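Here are two short exercises on ligand surroundings, each with a worked solution. Grab your viewer and work along.

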Amino acid sequence: MAKRSAAVLGGGSWGTVLASVLADNGLDVTLWARRKELAEEITRDHCNSRYLPDVRLPEPLRATDSMEEAVTGKDLVLVVVPSQSMREVARDLAPRLGKDTLVLHAAKGFELGSLKRMSVVLEEELPMAAERIAVLSGPSHAEEVIRKSPTTVVVASNHPSVAEEAQGLLINSYLRVYTHPDVIGAEVGGSLKNIIALGAGLSDGLGFGDNAKAALITRGLAEMARLGMAMGAKPITFAGLSGVGDLVVTCTSRHSRNWRAGNLLSRGLGLEEVLQRMGMVVEGIKTTQAARELAGRYQVEMPITQELHAVLFEGKPPRKAVEDLMARGKTDEMEEMLRGSSGPTA
Ligand SMILES: NC(=O)C1=CN([C@@H]2O[C@H](COP(=O)(O)OP(=O)(O)OC[C@H]3O[C@@H](n4cnc5c(N)ncnc54)[C@H](O)[C@@H]3O)[C@@H](O)[C@H]2O)C=CC1
Ligand SMILES: O=C(CO)COP(=O)(O)O
């Protein structure tokens, strides 16, 4: 059988690590990076010093700044750019995509303005591949996967054979890949958990304790599921890897950029300065804007998201946001879940 092949679009931390996984699995892999110097560094020195310092990449991994060269003749194209760049990259990909190529994305966010999920953006820009699209999500910090630390993820698709094929290409001894039928749930969970992780970083930075973090994780999960269900997700998906799994890792890991950004905010730094210091994408910031609008569109209460929006964009002091969350009207923890609706209880 011919050697399987893949292109990975995006030379940041997660794109580089997923390309390394596929290369470890024996695929012929080309990574596409926008910057020529980065592509050259990966091919020549087997490292990506900006995004993964002190990490040696697999020798067979090649990179290029030519998308044409990267994607031509590949069995799989894996798109791993920040959510706000997904449409632009998909547009460049469209004329170059092979007629049987699988398209998998691993971004966690919504498109600002349209509020669309990433697979919807891909379907719009790549209509010829609409039946071959899948999403990769789950608790998976790039820094741990590259060390081959045991990690589990899901590949969700509306087409089971597409999910199974992507699973077969990615799975190995350190990355266990499950298929999943709920694309909406996987994308909504993977995106919204970043908002709660920003909140967890803030909470830890302010010196609130473990009780506060457990509350944020649990009540955060409730509002993630509430919006997800209103958008068409299956509630059980939020109990899985792309829901609570990713929420827990992002709220508790020192690798999380969202947690770290929240932590810097707690020290009184402005948003611009925080982003400058991070130097990598912090998806939760734009996702907070998108989720607040989605909450309005679907008439769903998302009190943590609302308060975080006020802190990030309206100058509200974080301690006042916490006070206001604690002082909300009395409510029942599970009422709406047990009623099976996305009603007004928060
Ligand atoms: N880093 C991680 O551990 C994980 C990240 N993700 C998700 O993967 C996505 C990408 O994240 P990272 O790789 O971590 O981000 P990063 O900040 O490390 O790198 C982003 C990369 O995308 C490139 N890029 C941005 N706009 C581009 C465009 N228009 N065309 C071409 N390249 C462009 C940047 O140059 C950079 O190389 C995000 O949605 C993130 O939430 C998901 C799971 C794990
Ligand atoms: O999605 C991730 C882990 O699953 C990465 O989270 P951060 O973007 O917060 O680092």
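Helices (H or I, at least four residues) and strands (E, at least two) are DSSP runs, numbered from the N terminus. This is a predicted model, where local features need pLDDT of at least 70, side-chain atom pairs count only at pLDDT 80 or more, and totals for chains, interfaces and linings use all residues. Residues are numbered from 1 along each chain as its sequence is written, while chains are lettered from A and ligands numbered from 1 in the order in which they are written.

**Exercise 1.** Work out which helix gives the largest share of the shell around ligand 2.

*Solution.* Start with the neighbours, meaning residues whose C-beta atom, placed from the backbone, lies within 6 Å of the molecule. Ligand 2 has 14 of them, with Ser140, Thr250, Ser256, Arg257 and Asn258 the closest. Next, sort by element: H8 (183–205), H10 (241–252) and H11 (257–266) are the helices that give two or more residues. H10 wins, with 3 residues.

**Exercise 2.** Describe the shell around ligand 1 by class and by domain.

*Solution.* First, the neighbours: there are 25 residues around ligand 1, and Gly12, Trp14, Ser85, Ala142 and Met280 come nearest. Then split by class, taking Ala, Val, Leu, Ile, Met, Phe, Trp, Tyr, Cys and Pro as nonpolar, Asp, Glu, Lys and Arg as charged, and the others, Gly among them, as polar. You get 11 nonpolar, 10 polar and 4 charged residues. Finally, domains, whose bounds come from an automatic or database domain assignment: domain 1 (5–181) and domain 2 (185–339) each give at least three residues to this shell.
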